[in-house]
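Okay, thanks everyone for coming. I'll walk you through one model today, so have a look at the sequence and the picture while I talk.

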Amino acid sequence: MVTRENQIKPPATGDAKAYSDLRSDMVALHRATLSLFSDLSLEGVLRRVIHAARELSDARYAALGIPDNEGGLETFITLGLARDEIDHIDHQPRGDGLIGEMMRTGQSIRVPEINDHPLSVGFPAGHPPMRSFLGVPIAAYGRPLGQIYLTDKLNADEFSLEDQRLIEMLAAHAAAAIENARLYQKVLENENELSDRNEELGLMYSLATAVSSAMDLDKLLEVMLQRVMKLFHAGAGEIFLLEEQEGVYQKAIHLGDAPQSFWDVDRFRLGEGLIGMVAQEASPRWTTDLNSDSDYLRKSVLQSGFKTLVGVPLTAPGKVTGVLTLAFRTERVIQEQEQGLLGAVGAGVGIAVENARLYRQARRVAVLEERERIGMDLHDGVIQSIFATGLTLEYARLDVQERAPEAADRIGKAISGLNKSIRDIRSYILDLQPSRISTDDLPKALERLTREFKANTLIETDLMIEPEAVRRLNGSIAADLFHISQEALANIAKHAKATRTWITVRETSEGTVTLQVIDNGQGFEMESAPELLGHGLSNMGERARLFGGELAVVSSPGEGTTITVRIPSEPVN
Amino acid sequence: MVGTNILSIERSQQFVNAAKLYIIDEHPGVRAALVERLGRAANLTVIGHGGDVDTVMTEIRGGKPDIVLLEVKRKDGMGLEILRQLAALPRAPRLAVLTSYPTSWEEQAAIRAGADCYLLKDIDSEELIKTIANLPISA
């Protein structure tokens with residue numbers, strides 16, 4: 001429904017034709033205005049403004065200038081000039097003459113002959129001749145945003161006042177559209193910044209979760225470095241870690257498209273080179289002058305086009321546990337806000353590294369303690385008694401030597417036997433050392449174990465190992481698996497009254513390797529398991545828990561016992 | 001305190017310049033067997049033995065042995081500490097560790113704490129006597 005207010009009133013003195021012209025002008029303006037807002041890029045909006053202006057005013061040429069803040073023009077777009085005509089023009093308008101006057105006054109200028117205007121400075125050399133001129137400023141809230149220039153009115157000697165009013169209305173809409181496009185630009189930038197922020201938050205979050213997880217140190221370093229490199233768009237990165245020998249930093253990982261390493265050496269002392277300086281000062285350093293600031297730097301790093309190197313200290317309370325370096329192919333300047341982020345990243349990775357280290361240490365201590373306990377038991381209970389008995393025998397041998405040489409001989413044999421027992425027990429204690437078994441040795445170690453078990457117990461034993469499954473295992477848990485198998489077999493020998501056992505190591509699902517020790521013995525009531533199996537079972541569970549696996553025992557009277565250990569394994573690559 | 005726990009042995013058999021030996025081990029059976037066997041050696045005089053930390057420190061301060069033979073593996077974990085305290089004595093005795101089974105960290109720690117040698121409890125007392133009697137006298 002059209003109301004009277006929505007309609008354009010005919011001019012009081014005008015005739016039907018004037019009214020119709022005005023009406024079609026308004027329709028054209030309306031259409032042009034709508035089109036301005038259909039484009040959100042600033043460049044697109046400016047193009048649309050200049051097209052609409054030329055069409056609405058019937059000009060041969062149209063142009064649009066955006067002022068810089070020093071009285072000149074930052075952008076100047078033209079319409080109607082051919083490519084080669086533009087090429088012939090000596091220089092862009094400089095913002096003096098009529099353009100300068102419009103900037104000063106903020107008013108439109110309309111003249112039939114440009115060169116006749118008292119303020120005209122004429123055209124630059126090579127400029128095609130132009131006569132009639134209409135210039136209209138674009139402004140928002142009194143702030144100049146640009147200017148529309150129209151020249152050579154078609155089919156008339158000069159632009160009319162109506163033309164001027166129409167273009168001024170267009171300019172008002174153009175101002176809104178330009179502001180709109182600029183705001184949109186800003187929103188986009190903010191959004192980018194926001195997504196950068198999100199990525200930063202994501203990194204900090206992943207650091208925080210890594211701190212609380214018991215991740216393997218090497219894996220942890222790789223994940224951290226990858227994330228930091230991605231966040232800063234670095235071409236390559238490295239992490240150096242503090243050695244147990246204080247004051248020495250050793251390369252732990254290198255990622256990215258640079259040569260194997262940035263440096264000629266893999267170790268830096270405190271204060272030595274970029275790594276040592278960052279560690280000493282406990283604050284980030286960067287250099288964009290790799291040529292002159294390149295102690296220990298490999299020539300190949302420069303040759304492969306790297307220009308900037310950033311070193312970040314990895315900090316834990318009271319010490320610098322490592323140094324993270326990032327390399328960039330550009331001359332990268334670190335923004336103030338990025339410095340804060342680098343510091344936070346350094347603290348996050350530092351704590352995660354320290355945590356992983358402590359975890360590893362705790363694990364080592366736990367295993368050591370167990371070994372120590374068993375060693376002490378054997379020392380106390382067995383070796384000491386044998387040794388004392390042996391010494392007494394030696395004394396006796398000295399006594400009987402002269403009187404009964406044969407008795408001395410027999411005593412001598414008894415002493416040799418005792419010495420052999422002591423040596424066996426010693427090697428048993430030393431065999432408790434878990435680091436001596438790697439994944440490569442595991443199948444052999446288990447074969448030896450089952451062979452000995454069979455020989456000692458006469459229980460039929462089958463061993464089935466998938467080589468592929470063993471390869472997927474993390475090297476450090478091979479010893480744990482061996483000891484769990486050992487404990488399980490010892491339990492079977494002591495309690496099960498079995499005639500057969502089965503040991504299997506298989507990949508049971510993606511990312512899980514399973515060790516099973518099964519016997520066909522008498523089994524037991526699950527409720528009484530703790531008392532029955534005692535220390536052995538809790539030891540096995542503890543070992544499994546330490547490497548992130550889980551142990552399950554299933555048994556019932558007369559049905560045998562199955563011990564299952566599920567081990568997280570490395571994915572297929 | 002001198003002489004309280006000193007075992008009486010047949011001194012007539014000893015050389016005048018035999019080295020004075022003190023034995024530390026928590027295991028009474030081991031101590032008795034060592035005292036008996038090493039006491040028979042012409043170049044050693046066993047002047048005492050003990051297991052408890054306070055007792056042995058007191059007796060060693062009083063008896064001033066030339067050599068102390070000790071087991072570092074102890075239930076109270078004081079083995080290395082005893083070594084350190086003995087090494088810190090004025091005119092410290094030569095210190096021979098005699099232990100059930102070897103571990104590399106313990107051997108290193110014992111040597112650092114002042115031990116002159118780290119020996120294993122093998123039933124070969126002649127070799128043991130030869131080794132400890134010939135320990136070079138420290139400066």
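Let's start at one small spot: right after helix H7 of chain A comes Ala282(A), and its phi is positive, near 55°. Keep in mind that this is a predicted model, so that angle of Ala282(A) is a computed one.

Now back up into the helix itself. H7(A) covers residues 273-281, and its buried residues are Leu274(A), Ile275(A), Gly276(A), Val278(A) and Ala279(A). What do the buried residues of H7(A) pack against? Strands: E6 (236-242), E7 (248-256), E8 (267-269), E9 (285-287), E10 (308-316) and E11 (319-328), each of them in chain A.

One of those strands, E6, takes us to a glycine. Gly235(A) sits in the loop that links helix H6 (217-232) to E6 of chain A. Is Gly235(A) buried or exposed? Neither, quite: it has 19 C-beta neighbours inside 10 Å, and 20 would be needed for buried, so Gly235(A) counts as partly exposed. Gly235(A) also has a partner from far along the chain: Ala327(A) is 92 residues away in sequence, yet the two C-alpha atoms are 5.7 Å apart in space.

Stepping back to chain A as a whole, we have 14 helices and 16 strands. The chain has 573 residues, and 30% of them are buried. If you take contacts in chain A with a separation of 6 or more, 63% are between residues 24 or more positions apart.

On to chain B. Here there are five helices and five strands, and along the sequence they go β-α-β-α-β-α-β-α-β-α. Chain B has 139 residues, with 41% counted as buried. For contacts in chain B between residues at least 6 apart, 65% connect residues at least 24 apart.

There's a helix pair in chain B I'd like you to see. Two packed helices are described by the angle between their axes and the distance between the axes. For H3 (residues 79-87) and H4 (residues 104-113) of chain B, the angle is about 20° and the axes are 8 Å apart. That angle makes H3(B) and H4(B) roughly parallel. The crossing of H3(B) with H4(B) is right-handed. Who makes the contact? From H3(B) we get Leu80(B), Leu83(B), Arg84(B) and Ala87(B), and from H4(B) come Ala109(B), Ala110(B) and Ala113(B). By type, that's six nonpolar residues, no polar ones and one charged.

Next, where the two chains meet. Chain A puts 20 residues into the contact and chain B puts in 15. Which helix gives the most to the side of chain B that touches chain A? That's H1(B), residues 28-39, with six residues. The chain B side splits into five nonpolar, four polar and six charged residues.

Last, how much to trust this. The ipTM is 0.80 and the pTM is 0.36. The mean pLDDT of chain B is 85, and 86% of its residues score at least 70. Among the elements of chain B, strand E3(B), residues 67-70, has the highest mean pLDDT at 97, and H4(B) has the lowest at 87. Then there's the start of the chain: over residues 1-14 of chain B the pLDDT is below 50, and that stretch has 16 contacts in the model beyond near neighbours in sequence.

That's my tour. Happy to take questions.

Key: Residues are numbered from 1 along each chain as its sequence is written. Chains are lettered from A and ligands numbered from 1 in the order in which they are written. This is a predicted model: local features need pLDDT of at least 70, side-chain atom pairs count only at pLDDT 80 or more; totals for chains, interfaces and linings use all residues. Axes are lines fitted to C-alpha atoms, for helices over the stretch in contact, and angles run from 0 to 180 degrees between N-to-C directions. Helices (H or I, at least four residues) and strands (E, at least two) are DSSP runs, numbered from the N terminus. Angles under 35 degrees count as roughly parallel, over 145 as roughly antiparallel, 65 to 115 as roughly perpendicular and the rest as oblique. A crossing is left-handed if the near helix is turned anticlockwise from the far one by less than a right angle, and right-handed if clockwise. Two residues are in contact if their C-beta atoms, placed from the backbone, lie within 7 Å. Ala, Val, Leu, Ile, Met, Phe, Trp, Tyr, Cys and Pro count as nonpolar, Asp, Glu, Lys and Arg as charged, and the others, Gly among them, as polar. pLDDT is the predictor's confidence in each residue, from 0 to 100. A residue is buried if 20 or more other C-beta atoms lie within 10 Å of its own, exposed if 12 or fewer, and partly exposed in between; C-beta atoms are placed from the backbone.
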